[in-house]
Amino acid sequence: MSTKPQPFESAHRRAWAWQSAPLRPGPQDIGIVEDWVSMWLQRQGAATPSARKALLLGVTAELTALCEYHQLPLTAVDLSQAMIDEAWLGDTPMRRVIVGDWLDLPLAAQSVGLVLGDGVSTLVAYPSGLERLGQQVHSCLLPEGLLMLRCFARPAQAESVEQVMDAVRNGRIGNFNIFRFRLLMALHGDTPQIGVRTSEACDVFDREFPDASAFFRMTGWPPASLSTLAAYKANPAQYFFPSPDEIADTLSPWFELQETRTGDYEFAACCPSLRFVRRGT
Ligand SMILES: C[S@@+](CC[C@H](N)C(=O)[O-])C[C@H]1O[C@@H](n2cnc3c(N)ncnc32)[C@H](O)[C@@H]1O
């Protein structure tokens with residue numbers, strides 16, 4: 001696998017600074033994981049040291065910090081050296097990052113007790129990539145190990161692009177990141193098997209708002225947040241927004257869904273946290 005930076009990666013890194021909650025986990029989301037991890041640790045009792053080991057899918061700083069707080073030995077796996085350079089909190093005796101693919105996890109079988117991820121289901125094809133992810137995570141988890149994912153799920157009632165534009169023009173969207181994701185979800189529609197090319201959102205934005213500075217005067221949002229959308233321009237990425245039920249069904253051969261929780265911040269209904277327990281021995 002090549003780790004050579006792709007042209008869109010530098011744009012993505014510049015955009016990273018403007019990536020904020022709810023696209024990164026906020027205090028309510030971290031509170032949910034915190035509850036679940038605390039419960040899991042209490043139940044662990046005199047479990048083996050391996051059972052305390054955690055795997056992070058990606059390099060989400062908030063989840064890295066949570067593992068550090070609980071003194072969980074952590075391995076993080078991310079495809080992109082550029083993103084690791086930007087967002088990883090650094091290797092320590094208790095944690096390390098590996099450049100690797102979640103769909104071909106570079107971890108030994110049954111070597112961790114907990115797997116965490118934020119926004120992961122949006123980045124793998126539905127259902128084939130999600131199935132492969134389920135299989136890979138199942139393989140590296142110990143029996144009864146837990147998988148905790150915060151997902152970006154399309155709304156139960158699909159929105160049209162026109163509805164999103166109407167909401168933004170009338171001041172009913174709180175920040176640029178929520179606007180961007182509502183637009184992507186509207187373009188995605190009800191077919192997670194197809195997903196959405198992220199560059200489509202750029203085309204729609206340019207068509208609707210040919211004068212970007214007028215858009216930012218209208219919304220009052222920082223013009224630099226446009227970098228999060230501009231990063232999609234040369235990027236061939238597809239996003240997928242399966243519903244929580246679709247995620248649970250797809251993972252069901254390997255995982256049983258134990259609990260779903262959401263916060264009450266704007267857009268929280270589209271950012272549910274799911275806790276799964278590994279099936280089998
Ligand atoms: C975990 S996700 C979502 C970001 C999250 N909402 C946050 O703010 O932390 C983003 C990361 O996934 C990584 N990524 C995407 N697909 C991947 C794959 N198949 N294997 C490993 N890493 C992947 C990207 O390089 C990026 O750093």
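1. A crossing of two helices is called right-handed if the near helix is turned clockwise from the far one by less than a right angle. Helix 2 passes helix 3 in just such a right-handed crossing. Keep the term in mind, as it returns below. The model discussed here is predicted.

2. Start with that pair. Helix 2 covers residues 27-44 and helix 3 covers residues 61-69. Their axes lie 11 Å apart, at an angle of about 30 degrees. Angles under 35 degrees count as roughly parallel, so helix 2 and helix 3 are roughly parallel to each other. Helix 2 brings Ile30, Val33, Glu34 and Val37 to the contact. Helix 3 brings Glu62, Leu63 and Leu66. By class, the contact of helix 2 with helix 3 has five nonpolar residues, two charged and no polar ones.

3. Now the sheet. Seven strands form an open sheet, and the pairing is mixed. Read across, the strand order is 3-2-1-4-5-9-8. Strand 3 (95-99) and strand 8 (255-261) are the edges, each pairing on one side only. On average, neighbouring strands of this sheet are turned by 20 degrees against each other, direction ignored.

4. One strand pair deserves a look. Strand 1 (residues 54-57) runs parallel to its partner, strand 4 (residues 112-118), and four bridges join the two. Pick leucine 56 to see the register: its bridge partner in strand 4 is leucine 116.

5. Helix 5 (residues 128-140) lies across part of this sheet. The strands under it are strand 1, strand 4, strand 5 (141-150), strand 8 and strand 9 (273-278). Against strand 5, helix 5 runs at about 135 degrees.

6. Helix 5 also meets helix 11 (residues 244-251). Their axes come within 9 Å and cross at roughly 55 degrees. That angle is neither under 35 degrees nor within 65 to 115, so helix 5 and helix 11 are oblique to each other. The crossing of helix 5 and helix 11 is right-handed. On the helix 5 side, the contact uses Leu130, Glu131 and Gly134. On the helix 11 side, Ile247, Thr250 and Leu251 take part. The contact of helix 5 with helix 11 has three nonpolar, two polar and one charged residues.

7. A third helix pair is formed by helix 6 (residues 161-169) and helix 7 (residues 176-188). They pack with axes 8 Å apart, at an angle of about 160 degrees. Because angles over 145 degrees count as roughly antiparallel, helix 6 is roughly antiparallel to helix 7. The crossing of helix 6 and helix 7 is right-handed too. Val161, Val164 and Val168 of helix 6 make the contact with Phe179, Arg182, Leu183, Ala186 and Leu187 of helix 7. Seven residues of this contact are nonpolar, one is charged and none is polar.

8. Two backbone details call for a check. Most residues other than glycine have a negative phi, and most peptide bonds are trans. The peptide bond from tyrosine 126 to proline 127 is cis, with omega near -5 degrees. Proline 127 sits in the loop between strand 4 and helix 5. Glutamate 144 has a positive phi, near 70 degrees, and is not a glycine. Glutamate 144 is found in strand 5.

9. Last, the ligand. There are 19 residues around the ligand. Gly58, Thr60, Ser80, Met83 and Gly119 come nearest. By class, the shell around the ligand holds 10 nonpolar, five polar and four charged residues.

Conventions: Residues numbered from 1 in each chain as written. Predicted model: local features only at pLDDT ≥ 70, side-chain atom pairs only at ≥ 80, totals over all residues. Pairing = 2+ DSSP bridges. Axes fitted to C-alpha atoms, helices over the stretch in contact; angles between N-to-C directions. Contact = placed C-beta atoms within 7 Å. Near = placed C-beta within 6 Å. Nonpolar A, V, L, I, M, F, W, Y, C, P; charged D, E, K, R; others polar.
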